Structure formats: structure tokens, C-alpha cells
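Me: I've got a structure open and want to talk it through. Can we go piece by piece?

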Amino acid sequence: MAKGENQRLKLLYLLDILNTYTDDEHALSMAELVSKLDACGVNAERKALYTDIEELRKYGADIIGEKDGSSYTYRIGNRKFELAELKLLVDAVQSSKFITRKKSSELIKKLEDQTSKYHAATLNHQVFVAGRVKTMNESIYYNVDLIHTAISEDVKVRFRYFMWNEHKKQVYRRGGAYYSVSPWGLTWDDENYYLIGYDDEYESIRYYRVDKMKKIVITDDKREGKESFKSLDMAAYSKKRFGMFDGEETEVELLCENHMAGVIVDRFGKSTPFLKQDENHFIAIVSVAVSIQFIGWIVALGEGVKIVGPDSVVDQMRNQVYRLNETYLD
């Protein structure tokens with residue numbers, strides 16, 4: 001690189017060097033700054049660098065100068081992201097099911113650029129999830145962006161919706177016809193993104209896995225279903241559904257052993273009513289969309305939780321027990 005050919009970019013290169021090579025444990029002397037700038041095609045003199053550092057501080061860069069023997073060293077102090085925050089974000093990206101492996105690597109690389117090279121080397125080794133199933137639909141990120149745009153512009157979206165068949169092939173639902181949906185929100189459940197919207201065909205609130213949406217487009221048609229969403233608490237709506245499977249919304253009474261209190265609070269929240277039954281049990285009253293997934297969740301909890309009301313839900317549990325008995329014991 002010709003000497004001084006990037007002189008106009010001096011301040012940018014200086015800030016990049018400080019961001020890349022310094023942190024709380026690493027600093028650069030003035031001689032090292034001069035050398036690194038020279039490698040970038042920038043001529044630098046010590047006196048001028050003092051002025052440059054002051055200009056960057058005025059710009060907002062937290063550049064700390066510390067005495068080291070007879071000279072000074074310089075490093076970046078506060079950054080947009082603390083190292084602990086970056087580690088948290090990397091953990092979320094690596095362990096997220098809906099983010100493809102390729103996109104995970106790309107996002108982590110971008111996060112690494114937010115800290116020094118020394119700290120960046122530690123970021124890609126935070127979480128390892130054995131056998132993690134990652135989505136294969138790379139377009140999910142663009143789908144999410146399009147949905148947000150449609151919501152902000154108060155218009156509908158159209159898309160095709162697929163399922164997997166026994167040959168591991170994608171098969172479109174509704175014979176490949178497009179869905180016309182008024183998007184009102186996005187929610188996260190069981191490691192999947194869902195669109196919550198008002199479906200034109202069913203004239204009701206529906207939800208759709210974003211990674212199973214294909215060829216999504218924004219239309220010029222204004223959204224419908226506003227009245228349906230006026231009184232809808234989307235967080236509560238999602239909490240009542242297991243795996244986002246629908247069912248009749250019902251107040252269910254659960255007889256729980258005391259040690260299961262944490263499980264109930266984690267799933268339904270601290271505001272869930274608890275009624276003492278005896279010294280070892282309490283009754284939790286929860287509002288859920290009763291589905292086979294909810295029944296399965298109860299079964300998985302073992303003897304610690306039992307459905308005791310209403311009778312219609314108890315009957316659903318009995319029916320599933322009979323079905324399982326016929327399937328596995330006959």
C-alpha cells in the first residue's frame with residue numbers, strides 16, 4: 001500500500017484500530033498507533049495524533065489514556081455493547097432453532113465486530129447445543145421484515161403455506177392457493193416465530209409459522225379484523241396455547257403437589273390463582289386453549305399435576321388415556 005494514500009480516512013482508521021486492538025485489558029502506545037496507521041496507508045505524527053484522539057472524543061468515542069511508565073497508552077472504554085451483552089446475544093443466536101446455521105455464523109461475525117479482536121475470539125464458543133435442529137428456510141428473516149412493514153403500513157399480506165409430507169417434501173396447503181391475512185403481530189413460541197393475523201377465508205384470528213410461509217408479498221388492501229384485536233392481549237393469547245395449537249379456551253383446575261408450584265408459575269405466570277387444598281396440594285386455576293398438546297403437557301408432568309375440572313376436560317384426558325391404552329397395551 002502506497003504511503004499516505006488513505007490520509008483522508010485517518011480518523012476512521014484510527015477509530016477502527018482502537019476498536020479492534022484495545023479493550024479493558026489491552027491498550028496501544030502512540031508508537032503502536034503510528035505503526036498500525038502506517039500499515040493502513042496513513043501517515044501519522046505523534047503531535048497530530050493527540051489532536052485526532054481529542055476529535056474522536058468530541059465525536060463520542062470513549063478513548064482512555066493511561067500513563068504507562070514514561071509514556072501513555074490508549075484504549076477504548078465504554079462501547080455500544082458490553083462483553084456480557086454480546087455473549088448473551090451470541091448464546092441466543094447459536095441456540096435458536098429458527099435461525100439457520102449459515103445465518104447464525106453471519107450474525108455472530110457481525111456481533112464480533114462490536115468488540116476487540118481479543119474478546120471476539122471468545123464469543124463463538126459460548127453455547128453448544130448437541131443435535132440442534134436448525135430451520136432450513138433462509139427466507140424467514142425477510143418474511144419477518146415484510147410482515148413488520150405490512151403492519152406499519154396497515155395493509156394485508158399474501159403468501160403460500162406449506163407442510164411436510166411423509167416423503168419429506170413440502171406440500172402447499174389449500175391446494176397451493178394464496179392465503180390473504182391481515183397481520184397484527186408476531187409472537188415467539190416453542191422456538192418458532194408465528195404471525196398472528198386475521199384470516200380473510202375464516203374471518204377469524206389465526207396464526208402461522210413464519211418459516212412455513214412462502215412467496216410472501218405485501219398488498220395494497222387495508223387490514224381487517226381490528227375489532228377482533230382491540231381487546232386481544234397477544235402475550236396472553238400465546239400463553240394459553242401449547243405449541244400454538246388451537247382449542248376451546250377454558251378455565252381448567254389443576255390439582256398440584258406443592259413442589260410443582262414453580263412449573264405452574266413458569267408456564268402461566270405469577271398471577272395464576274393458587275388455592276390451598278391440603279398440606280401437600282394446591283389447586284391452580286389456569287386459562288388455556290384445551291388441545292391434545294395441553295393434555296400431553298399434563299401427562300408429561302407425571303403424578304405431580306392432575307386435571308380435576310371442568311368435567312369436559314377431565315373427559316378429554318380420560319379419552320386420551322383410553323386411546324393410549326388401546327394403542328400400546330392391547
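Me: How many bridges pair strand β10 with strand β12?
Reply: There are 10 bridges between β10 (residues 248-257) and β12 (residues 281-290). The two strands pair in the antiparallel sense. Keep in mind that this is a predicted model.

Me: Give me a spot to click on. Which residue is the bridge partner of Glu249 in β12?
Reply: Click on Ala289. That residue of β12 is the bridge partner of Glu249.

Me: And how many bridges join β10 to β13?
Reply: 4 bridges. Strand β13 covers residues 305-309 and runs antiparallel to β10. For a landmark, Glu253 stands opposite Gly309 in β13.

Me: What's the strand order in that sheet?
Reply: The order is β11-β12-β10-β13. These 4 strands form an open sheet with antiparallel pairing. Its edge strands are β11 (274-276) and β13, and each pairs on one side only.

Me: By how many degrees are neighbouring strands turned against each other?
Reply: On average by 35°, with direction ignored.

Me: Which helices pack on this sheet?
Reply: Helix α10 (residues 261-268) packs on the sheet and touches β10, β11 and β12. The direction of α10 makes about 30° with that of β12. Helix α12 (residues 311-328) also packs on the sheet, touching β10, β12 and β13. The direction of α12 makes about 135° with that of β13.

Me: Next, the sheet with 3 strands. What's the order there?
Reply: The order is β1-β3-β2. This sheet is open too, and the pairing is antiparallel. The edge strands are β1 (28-29) and β2 (63-68).

Me: How many bridges join β1 to β3?
Reply: 2 bridges, with β3 covering residues 71-76. Look for Leu28, which stands opposite Tyr74 in β3.

Me: Which strands does helix α1 touch?
Reply: Helix α1 (residues 10-21) packs on the sheet and touches β1, β2 and β3. The direction of α1 makes about 85° with that of β3.

Me: Helices now. How do you describe a packed pair?
Reply: You give the angle between the two axes and the distance between them.

Me: OK, what are those values for α2 and α3?
Reply: Helix α2 (residues 30-39) and helix α3 (residues 46-59) pack at about 90°, and their axes are 11 Å apart. Angles of 65 to 115 degrees count as roughly perpendicular, so α2 and α3 are roughly perpendicular to each other.

Me: Which residues meet there?
Reply: From α2, Met30, Ala31, Leu33, Val34 and Leu37. From α3, Arg46, Leu49, Tyr50 and Ile53. By class, the contact has 8 nonpolar, no polar and 1 charged.

Me: What about α4 and α5, parallel or antiparallel?
Reply: Roughly antiparallel. Helix α4 (residues 83-95) and helix α5 (residues 101-112) pack at an angle of about 175°, with axes 10 Å apart. Angles over 145 degrees count as roughly antiparallel, which is why the pair gets that label.

Me: And who makes that contact?
Reply: Leu86, Leu89, Val90, Val93 and Gln94 of α4 do, with Ser104, Leu107, Ile108 and Leu111 of α5. The contact has 7 nonpolar, 2 polar and no charged residues.

Me: Last topic, pockets. How much space lies in the second largest pocket?
Reply: About 350 Å³. The second largest pocket is lined by 14 residues. Leu15, Asn19, Asn78, Arg79 and Lys80 lie nearest its centre.

Me: What classes make up that lining?
Reply: The lining of the second largest pocket has 5 nonpolar, 5 polar and 4 charged residues.

How values were computed
Residues numbered from 1 in each chain as written. Predicted model: local features only at pLDDT ≥ 70, side-chain atom pairs only at ≥ 80, totals over all residues. Heavy atoms only, no water. 1 Å grid on protein atoms, 1.4 Å probe; cavity = no way out; pocket = protein on both sides within 12 Å on 5 of 7 lines; lining within 4 Å. Points joined across faces, edges and corners; volume = space filled by probe spheres on them. Nonpolar A, V, L, I, M, F, W, Y, C, P; charged D, E, K, R; others polar. Axes fitted to C-alpha atoms, helices over the stretch in contact; angles between N-to-C directions. Parallel < 35°, antiparallel > 145°, perpendicular 65-115°, else oblique. Contact = heavy atoms within 4.5 Å. Pairing = 2+ DSSP bridges.
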